[in-house]
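The exercises below concern the structure shown here. Please work through each task before reading its solution.

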Amino acid sequence: MGSSKEDNQHRCAGSIHVLPRDSCCQIYWQESRPRADRVRIKAYTCDCQPTFYELCQAGGLLYIRRTSRERRRVTVHETVWMVARDGEQLWTQLITGQVC
């Protein structure tokens with residue numbers, strides 16, 4: 001049986017990971033509230049880290065959901081809802097480490 005690092009590398013193969021940065025522009029995160037009956041997950045980052053992200057679409061708008069797991073506690077925040085062009089641009093900035 002392999003080490004947990006090897007297991008994570010196998011499990012994460014092909015997954016998106018947020019690039020870490022020492023400094024970045026801050027995203028305004030707000031408490032997540034149910035606002036739509038159906039939400040489509042368009043993209044997501046690997047959940048191998050304590051914090052992972054999902055690019056969500058609902059009602060013709062996009063937003064990013066951030067889920068953090070710390071000390072047996074799960075918290076969920078999201079960005080403001082925005083038009084697709086702005087949501088996709090913010091998603092790209094997030095996964096490339098330009099914003100956090």
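**Exercise 1.** Determine whether C24 is buried, partly exposed or exposed in this predicted model, and establish which residues distant in sequence it contacts.

*Solution.* Step 1: locate the residue. C24 is found in the loop between α1 (4-11) and β1.

Step 2: apply the cut-offs. Buried means under 20% relative accessible area and exposed means over 50%, with partly exposed in between. The relative accessible area of C24 is 22%, so this residue is partly exposed.

Step 3: list the contacts. Leaving aside neighbours within four places in sequence, C24 is in contact with G97, Q98, V99 and C100. One of these pairs may be described further: C24 and Q98 lie 74 residues apart in sequence, yet their C-alpha atoms are 5.4 Å apart in space.

**Exercise 2.** Describe how strand β5 is paired with β1 and with β4.

*Solution.* Step 1: consider β1. Strand β1 (residues 30-31) and strand β5 (residues 73-78) run antiparallel and are joined by 2 bridges. Within this pairing, Q30 has E78 of β5 as its bridge partner.

Step 2: consider β4. Strand β4 (residues 61-70) pairs with β5 over 6 bridges, again in the antiparallel sense. In β5, H77 stands opposite R66.

Step 3: examine the turn. The hairpin of β4 and β5 has 2 residues between the strands, and R71 takes a positive phi near 45 degrees there.

**Exercise 3.** Identify the residues of the largest nonpolar core that touch the most other members, and state which elements supply it.

*Solution.* Step 1: name the residues. This core has 13 residues, of which I27, Y53, L55, I64, L90, W91 and L94 touch the most other members.

Step 2: assign the elements. Two or more residues each come from β3 (51-58), β4 and α2 (84-95). The largest share, 4 residues, is given by α2.

Step 3: follow one member. Apart from neighbours within four places in sequence, W91 is in contact with A43, Y44, T45, Y53, E54, L55 and I64.

Step 4: place this in context. In soluble globular proteins, nonpolar side chains tend to be buried together.

**Exercise 4.** Is Y44 buried or exposed, and to which surface patch does it belong?

*Solution.* Step 1: locate the residue. Y44 lies in strand β2 (residues 40-44).

Step 2: compare with the cut-off. Exposed means over 50% relative accessible area; Y44 has 55% relative accessibility and therefore counts as exposed.

Step 3: identify the patch. Together with V39 and I41, Y44 forms a nonpolar patch on the surface, with about 270 Å² of accessible area in total.

Notes. Residues numbered from 1 in each chain as written. Predicted model: local features only at pLDDT ≥ 70, side-chain atom pairs only at ≥ 80, totals over all residues. Heavy atoms only, no water. Pairing = 2+ DSSP bridges. Buried < 20%, exposed > 50% of the residue type's maximum accessible area, 1.4 Å probe, protein only. Contact = heavy atoms within 4.5 Å. Patch = residues over 30% accessible without salt bridge, like charges linked within 9 Å, V, L, I, M, F, W, Y side chains within 5 Å. Areas by Shrake-Rupley, 256 points an atom, 1.4 Å probe, with all protein chains shown as cover. Salt bridge = Lys/Arg side-chain N within 4 Å of Asp/Glu carboxyl O. Core = buried A, V, L, I, M, F, W, Y, C linked by side-chain atoms within 4.5 Å.
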